[in-house]
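Welcome! Here is a short briefing to help you find your way around a structure that is new to you. Take a moment to look it over, then read on.

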Amino acid sequence: MAKDLISVEGMDCEDLREIMDLARDFEEGRLHGTLSGKTVCLAFFESSTRTLVSFDLAARRCGADVVSLSEKGSSISKGESLADTVVTLDMLGADAIVLRHPAVGAAKLASRHTSASIINAGDGCGQHPTQALLDLYALSDSLGGFDELEGTRAVIAGDILHSRVARSVIPAFQTAGVEVALAAPKTLLPLEAEVWNLPILDSVDEALEWGADVLYMLRLQKERMTGALVPSVAEYTKFYGVNKRHLRAGLKVMHPGPVNRGVEIAGDVVLDEASLIAAQVGAGIGVRSAVLALATNAVEAGVAA
Ligand code: NCD
């Protein structure tokens, strides 16, 4: 893996497999202490629960010193630029900076100002590569192995327009051999969806007709919407929400969290055995440990047993 993880684009199937294998090693406790002597800075300038906590635990369990920074309480709130903040963290000895920021391109920009590894933990509607990696981990685990991903059919459903998760999950799934289709209202599809050249379906029912093995539901991101992009939430739920009626043998339901219960996913589906949501969250620590270790050269790709 390169020094920075800005996006999953550029990774091939072997790169993905290596991260999965290494994540398994971390999970099984074989590589504890690998980040000992390293400093990891968590710079989260946008809200987060699972990404922040799992990066924090990943770094600590691997023996790193961890420092956390948020907008409130840091000099960002006094108007310090992102570039100056990153230079400061670099001078204080950060080996890796995990960055979440509301602006697309923030992680790329930060990487130009530091020799520390920049790990993109979400840049606006841009990318969220470690989410896609942990999703692959959780999905391959539930299918019985990484090779089982080949030919699996996944439908990414919902608010694709505002989703950095979709922009990372789509290429990551495709690289791993998953066949991908989208299900979203036209108003929640980005312009770039045309060049993705993927089947576009009009409802969860159509996704099932297409043969989806996986429904990957996205949160309706009301905080990023500037106008009325759906006629009403009830109308949206009718076509793009998953409920118990949709579940069938073998179907898996994924969601990066946080969920809007009763909007894109019914509460009883979240808890159903079809749901991989808990497994997705659970995969976060191992996968993020692997990413931190590879990016900072604490382990070489290929050391995984
Ligand atoms: C997502 C995010 O923040 O990009 N959540 C996450 O990291 N697990 C998705 C979302 O906010 O809907």
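In this predicted model, a polar side-chain atom of His128 sits 2.8 Å from an oxygen atom of the ligand. The protein buries 93% of the 320 Å² that the ligand exposes when taken alone. The points below look at the ligand's surroundings and then at two backbone details.

**Polar contacts with the ligand**
- Thr51 also brings a polar side-chain atom to the ligand, 3.0 Å from one of its oxygen atoms.
- Pro256 uses its backbone instead: an N or O atom there lies 2.9 Å from a nitrogen atom of the ligand.

**The shell around the ligand**
- Surrounding the ligand you will find Arg50, Thr51, Arg100, His128, Gln131, Arg164, Val165, Arg219, Gln221, Pro256, Gly257 and Pro258.
- By type, these shell residues are three nonpolar, five polar and four charged.
- Two helices, H2 (50-61) and H6 (164-175), each contribute at least two residues to the shell.

**Where the ligand sits**
- The ligand takes up the space of the largest pocket.
- The ligand lies between domain 1 (13-127 + 283-295) and domain 2 (129-280), because both domains give residues to its shell.

**Backbone details worth a look**
- Most peptide bonds are trans, and most residues other than glycine have a negative phi.
- Gly257 and Pro258 are joined by a cis peptide bond, with omega at about -5°.
- Both Gly257 and Pro258 belong to the residues that surround the ligand, so you can find this bond by starting from the ligand.
- Pro258 is in the loop that runs between strand E9 (252-254) and helix H10 (267-270).
- Asn197 is not a glycine, yet its phi is positive, at about 55°.
- To find Asn197, look in the loop between helix H7 (193-196) and strand E7 (200-201).

Technical notes
Residues numbered from 1 in each chain as written. Predicted model: local features only at pLDDT ≥ 70, side-chain atom pairs only at ≥ 80, totals over all residues. Heavy atoms only, no water. Near = heavy atom within 4 Å. Polar contact = N/O pair within 3.5 Å; in protein donor to acceptor, adjacent residues only side chain to side chain. Areas by Shrake-Rupley, 256 points an atom, 1.4 Å probe, with all protein chains shown as cover. 1 Å grid on protein atoms, 1.4 Å probe; cavity = no way out; pocket = protein on both sides within 12 Å on 5 of 7 lines; lining within 4 Å. Sits in = over half its atoms within 2 Å of the grid points. Helix = DSSP H or I, 4+ residues; strand = E, 2+ residues; numbered from the N terminus. Nonpolar A, V, L, I, M, F, W, Y, C, P; charged D, E, K, R; others polar. Domains from an automatic or database assignment.
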